Amino acid sequence: LKPDVVTLDVEMPVMDGLTTIKHLMIQAPTPTVMLSSMTVEGADVTFDALKYGAVDFVSKPSNTGTVDLEEQTGEIERKVRLAAEVELEAVKYVRAVSHEKAEALALAGKKCERLVALGAAEGGYGALLKILPHLTAKYPAAYLVLFYAPARHLESFVRYIDKLCPLFVRRAENNTAIEAGVCYLASGEEYLTVHEQEGNFVLHLSPAPFSTRRGSIDMLFFSAAERMQEKSVAVVLSGMGEDGGEGLEETLRVGGTGIIQDPAGSLYREMPGAVAIRCPDAKQLPDTGIPKSIEEALAS
């Protein structure tokens, strides 16, 4: 029938939703939204669905008396409409296998010589699941991810993706020495910046003073560009708003590398679209092409 969008429950008779989406993405890639009582933010089954190719998720409505059914209905409609606009190139099952982290272990104790900063907001789970497991630990670089997801869900996402990633994935903590071969995640509720102490780079984490006025991605990009100059890489992923535009512009100004997730393949196009207009010299790539572009930047 070639529908514009498929909605899937996790629990279905004969074949469950996760098995279905694997077959779907291999045989007939279609934008898919998981609609289930099990797909809540922070749950492993939700991350599994996104890893297998779902573009978004929503929890099945429940009339518990504490939740507005009309509001939930509007949320489902909005997400289905957004999914319908995602280009098929971005809809695919990307295999991600567990890594032994041998290369990351080999970097232990080596000075961090490059910084890769990534900023994501709405739709960021899917993009990060297609990017982080395919990064390389060949080079003495560290990765800093600023993600507009609730801080309470970040811990479960860190644990989940650490199993799939060749890098060590950790929750960013204040005054932590930055190590090569490690990916640090922080919430958009925080400012994550890089400081220098006694010749080493250290993370500085503090509550974002203006939680409703986004600017945490810009702060991270400016900080990485200031410390690393042409050895910095800034990546803007799916999201709403314009955060990251000024910081990526500064990264390019100092000779660093700027990468933007192709707005056409992003679930939420506003943020990558706005940054692309501001920074026309930055590379625009589908999320699956970003790991290779980062590796090329690190090898140069």
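This passage looks at helix H1 and at two residues with a positive phi in a predicted model.

Helix H1 spans residues 17-27, and a good place to begin is its start. There, a side-chain oxygen of Asp16 comes to within 3.0 Å of the backbone nitrogen of Leu18. Leu18 is also one of the buried residues of H1, together with Gly17, Thr20, Ile21, Leu24 and Met25. Viewed down the axis of H1, these buried residues fall within an arc of 155°, so they line one face of the helix. That buried set has several partners: the residues pack against strand S1, strand S2 and helix H2. Strand S1 covers residues 6-8, while S2 runs over 32-36 and H2 over 44-51. The face of H1 turned away from the buried side tells the other half of the story, as it carries the exposed residues Ile26 and Gln27.

Two residues outside the helix also invite a look at the backbone. Val14, in the loop between S1 and H1, has a positive phi of about 70° although it is not a glycine. Val14 counts as exposed because its relative accessibility is 93%, and the cut-off for that label is over 50%.

Lys2 likewise is not a glycine, yet has a positive phi, here of about 50°. Lys2 sits in the segment before strand S1. With a relative accessibility of 79%, Lys2 therefore counts as exposed.

Key:
Residues numbered from 1 in each chain as written. Predicted model: local features only at pLDDT ≥ 70, side-chain atom pairs only at ≥ 80, totals over all residues. Heavy atoms only, no water. Helix = DSSP H or I, 4+ residues; strand = E, 2+ residues; numbered from the N terminus. Buried < 20%, exposed > 50% of the residue type's maximum accessible area, 1.4 Å probe, protein only. Arc of directions from axis to C-beta. Contact = heavy atoms within 4.5 Å. Polar contact = N/O pair within 3.5 Å; in protein donor to acceptor, adjacent residues only side chain to side chain.
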